Amino acid sequence: MIDSIKKVDVERIYQHVMLIEGVKHPIVNPERLDEAADYIKSEFEKYGLNTNEQTFKIEGSDMTFKNIEGYIGDGSQPEILVTSHYDTTRNTPGANDNGSAVAAMLEAARVLASEENPGNVRFVSFTLEELQPTLVQLSRDKGLELGIIDEDYRYTSYHTHKMIKKFFSKVSVRLSKGKSSLESWEKSFDEIKDELTDSERKYCECIMKSRSKFTRTSWVGGLALVGSDHWVKQAIKEKREIKGVINLETIGYTSKRKNSQFLPPLMHPIIFPSYKVKARKRIGDFISVVSDKNSKELGKLFCKKCKLEGIKLPYLWARIPLRFEKIAKWLMDTLRSDHAPFWRKNIPALMITDTANFRYPYYHTEADTIDKLDFDFIMKVTQATIATVLEFSLL
Ligand SMILES: [Zn+2]
């Protein structure tokens with residue numbers, strides 16, 4: 001085990017992020033999205049893995065999307081999955097979200113492929129984790145038509161900037177309090193509609209119409225997480241046996257500053273098991289291991305590996321004793337990555353994350369660049385992932 005984790009090469013992780021950093025969005029930059037997919041596939045091949053491209057289409061678009069898979073051995077089941085997404089939002093280079101995770105996944109693949117007995121491990125890099133692109137297109141077209149955004153997606157007046165932000169923040173507050181999607185959008189709209197110009201009102205109505213139809217659970221795979229949701233549905237059809245999933249989501253940012261760490265509503269660090277976390281000072285220098293009722297054992301194992309001599313990675317284990325439906329109601333933020341479609345099907349899955357927007361000031365912005373990242377931290381997360389896979393595959 002110790003020898004295996006020593007093989008992790010932080011320089012390789014850095015070089016992966018160097019190469020895949022850049023906007024990878026199906027509408028704004030489809031070429032870079034494809035290049036990243038090709039890069040991931042060719043790296044898998046370099047390490048001697050078998051590869052597969054799972055292609056699919058979505059309603060309202062001619063584009064073909066692809067999830068990239070690499071697996072060790074002959075594809076025997078049950079399998080352990082290590083996953084990441086390679087797409088970004090329309091405006092961000094995504095060094096942390098999710099270049100950091102793609103890099104860790106690739107390095108874990110390289111190391112595990114060199115092991116004598118790694119078990120059945122499949123690495124999957126998903127596309128379309130972020131907001132469904134036809135919705136992005138729709139709001140962009142509408143905004144341009146109404147003259148309230150420009151070609152660079154900037155609001156053309158301060159009034160619009162202020163009002164749209166207000167609208168979205170009211171919606172998200174309601175959603176995080178467990179209100180239904182329809183109610184969250186409609187009530188928020190009612191509260192601000194008198195302050196809106198005609199164009200702003202039309203724009204808000206368009207956004208509301210396209211998004212409020214998703215329920216607390218149907219947004220998973222509808223509004224976002226489209227690639228992983230497709231993968232899971234296909235896996236269920238093919239009756240694939242999946243023993244567990246380690247989903248890496250935005251894993252590269254730490255801060256030593258006091259009060260640099262926030263958590264979603266209803267979650268407080270002192271209610272969860274942790275290791276070397278300065279909870280009272282709210283210092284954001286730990287990895288968060290998020291498990292649901294089905295993945296408690298896997299979560300426990302990952303945490304055990306974080307404590308290994310030679311890793312010693314501080315963690316907060318957000319051990320949620322609930323299943324998907326209840327989590328969707330009360331802890332919506334914990335569904336915001338590709339483990340969520342697995343949770344919905346009761347497949348044990350973890351989200352491993354630096355907590356993204358609850359810590360990282362540059363989340364989903366143009367400033368999500370390589371210079372912000374803590375590569376020693378990413379290395380440790382990679383090591384803990386490898387160690388977990390090696391033990392879990394024996395169980
Ligand atoms: Zn992400």
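This is a short tour of a predicted model, stop by stop.

**Stop 1: the zinc site**

Select the zinc ion and its protein donors: His-85 (NE2), Asp-97 (OD) and Glu-249 (OE). They lie 2.0 to 2.1 Å from the metal. Along the chain, their spacing reads H-x11-D-x151-E. Now colour by secondary structure. His-85 sits in strand E3 (residues 79–85), and Asp-97 in helix H4 (residues 95–113). Twelve residues separate the two. Switch on a surface: both His-85 and Asp-97 are buried.

**Stop 2: two domains**

Colour 2–132 + 221–392 as domain 1 and 133–211 as domain 2. Their C-alpha centres are 30 Å apart. Next, show the contacts between them. On the domain 1 side 17 residues take part, touching eleven residues of domain 2. About 1300 Å² is buried between the domains, with carbon and sulfur atoms giving 69% of that area. In domain 1, pick Ile-27, Arg-90 and Gln-132: these lose the most area to domain 2, together 41% of what that side buries. What polar links cross the interface of domain 1 and domain 2? Three residue pairs are in polar contact, but there are zero salt bridges.

**Stop 3: helix H10**

Select residues 296–306, helix H10. Its buried residues are Leu-298, Gly-299, Leu-301, Phe-302, Cys-303, Lys-305 and Cys-306. Then add what covers them. Among the covering elements are strand E5 (242–249), strand E7 (287–291), strand E8 (315–319) and helix H13 (375–392). Strands E6 (274–275) and E9 (349–353) belong to that cover too.

**Stop 4: salt bridges**

Side chains of opposite charge can pair when their charged atoms come close. The model has 30 salt bridges.

- Start with Glu-191 and Lys-170, at 2.8 Å, N to O. Glu-191 is in helix H7 (residues 181–192) and Lys-170 in helix H6 (residues 158–176), so the pair ties together parts 21 residues apart in sequence. Glu-191 is partly exposed at 40% relative accessibility; Lys-170 is partly exposed at 24%.
- Move to Lys-233 and Asp-229, also a salt bridge, at 2.8 Å, N to O. Both lie in helix H9 (residues 226–237), four residues apart, about one turn of the helix. Check the accessibility of each partner: Lys-233 is partly exposed at 48%, whereas Asp-229 is buried at 5%.
- Then try Asp-371 and Lys-372, whose side chains meet at 3.3 Å, N to O. Asp-371 is exposed, with a relative accessible area of 57%.

Finish with a group selection: Glu-69, Glu-79, Arg-122, Glu-238 and Arg-240. Salt bridges link these residues in a network.

Definitions and conventions: Residues numbered from 1 in each chain as written. Predicted model: local features only at pLDDT ≥ 70, side-chain atom pairs only at ≥ 80, totals over all residues. Heavy atoms only, no water. Donors = N, O, S within 2.8 Å, 3.2 Å for Na, K, Ca; no water. Buried < 20%, exposed > 50% of the residue type's maximum accessible area, 1.4 Å probe, protein only. Domains from an automatic or database assignment. Contact = heavy atoms within 4.5 Å. Buried area = accessible area lost by both parts, 1.4 Å probe. Salt bridge = Lys/Arg side-chain N within 4 Å of Asp/Glu carboxyl O. Polar contact = N/O pair within 3.5 Å; in protein donor to acceptor, adjacent residues only side chain to side chain.
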